[in-house]
Amino acid sequence: MIPVTRSIGIDSDELDESFTRSGGAGGQHVNTTDSAVILRFDVASSPNLPEAVKNRLASLAGSRMTNDGVLVLRSEGARSQMLNRQEVRERLFDLIREATIVPKKRRPTRPSKAAKARRVDEKKGRSTVKAGRGKVRFE
């Protein structure tokens, strides 16, 4: 088990990592090493995540989540496969940690009577300024 938060841990068998060649410029060595990491995590069938966290994780992931509920993350920033593996796992754990935070509900508020009066006064002031910008007549 890999601990993500105090209450959530992920089994390493749930993480499916595949390796491919990174894009971009490089020397002779880059053509022989598969340093980019593609991590797949099946959120929908994970027994270690509560249902509420799964839903928030799906909305946070956006286009990185497939229709089947599989989260796909890719890392190719570093030249070493080990660093890319660490980076992509840390991004997954950060996403899960962010999904565990329950957002606060917004409490609707109304502007005060004084604020409404200030707004109307400002509008009237602007109106008089703009009204004074008409054509100048010479007589």
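Which residues is Arg56 in contact with, leaving aside its neighbours within four places in sequence? In this predicted model, Arg56 is in contact with Ala99, Thr100, Ile101, Val102 and Pro103. Arg56 itself lies in helix H1. Its partner Val102 is 46 residues away along the chain. Even so, the C-alpha atoms of Arg56 and Val102 are separated by 8.7 Å.

Helix H1 spans residues 51-61. Its buried residues are Val53, Lys54, Arg56, Leu57 and Ala61. A general point about helices helps in reading this list. An α-helix has 3.6 residues a turn, so residues three or four places apart point the same way. Several elements can be looked for above the buried residues of H1. The cover includes strand E5, residues 70-75, and helix H2, residues 81-100. After H1 comes Gly62. The phi of Gly62 is positive, near 65°.

The packing of H1 against H2 can be described in more detail. The two helices meet at an angle of about 120°. Their axes are 8 Å apart. Angles of 65 to 115 degrees count as roughly perpendicular, and those over 145 as roughly antiparallel. H1 and H2 are therefore oblique to each other. Their crossing is right-handed. On the H1 side, the contact is made by Val53, Arg56, Leu57 and Leu60. On the H2 side, it is made by Leu95, Ile96, Glu98, Ala99 and Thr100. Six residues of this contact are nonpolar, one is polar and two are charged. Arg56 is thus named in the helix contact and among the buried residues of H1.

The next topic is the nonpolar core. In soluble globular proteins, nonpolar side chains tend to be buried together. Here, the largest nonpolar core has 22 residues. Phe41, Leu49, Leu71, Leu92 and Ile96 have the most contacts inside it. Strand E4 (36-42), H1, E5 and H2 each give two or more residues to this core. H2 supplies the largest share, with six residues. Leu92 shows how such contacts reach along the chain. Not counting residues up to four places away in sequence, Leu92 touches Leu15, Leu39, Phe41, Leu71 and Leu73. Ile96 also appears in two places: it is listed for the core, and it meets H1 from the H2 side.

The loops add a second part to the picture. Ser35 sits in the loop between strand E3 (15-20) and E4. Its relative accessible area is 5%, so Ser35 is buried. Beyond residues up to four places away in sequence, Ser35 touches Thr20, Ser22, Ser75, Ala78, Arg79, Ser80, Gln81 and Asn84. Asp34 is placed in the loop between E3 and E4 as well. Its relative accessible area is 34%, so Asp34 is partly exposed. With neighbours within four places in sequence left aside, Asp34 is in contact with Phe19, Thr20, Arg21 and Gln81. Ser22 is 12 residues from Asp34 along the chain. The C-alpha atoms of Asp34 and Ser22 are separated by 6.9 Å.

Arg79, one of the residues that Ser35 touches, belongs to another loop, between E5 and H2. Is Arg79 buried or exposed? Residues over 50% relative accessible area count as exposed. Arg79 has 79% relative accessibility, so it counts as exposed. Asp68 is 11 residues from Arg79 along the chain. The C-alpha atoms of Arg79 and Asp68 are separated by 31 Å.

Methods: Residues are numbered from 1 along each chain as its sequence is written. This is a predicted model: local features need pLDDT of at least 70, side-chain atom pairs count only at pLDDT 80 or more; totals for chains, interfaces and linings use all residues. Side-chain values use heavy atoms; hydrogens and water are left out. Buried means under 20% relative accessible area, exposed over 50%, partly exposed in between (1.4 Å probe, protein chains only). Helices (H or I, at least four residues) and strands (E, at least two) are DSSP runs, numbered from the N terminus. Contact means heavy atoms within 4.5 Å. A nonpolar core is a set of buried Ala, Val, Leu, Ile, Met, Phe, Trp, Tyr and Cys residues joined through side-chain atoms within 4.5 Å. Axes are lines fitted to C-alpha atoms, for helices over the stretch in contact, and angles run from 0 to 180 degrees between N-to-C directions. Angles under 35 degrees count as roughly parallel, over 145 as roughly antiparallel, 65 to 115 as roughly perpendicular and the rest as oblique. A crossing is left-handed if the near helix is turned anticlockwise from the far one by less than a right angle, and right-handed if clockwise. Ala, Val, Leu, Ile, Met, Phe, Trp, Tyr, Cys and Pro count as nonpolar, Asp, Glu, Lys and Arg as charged, and the others, Gly among them, as polar.
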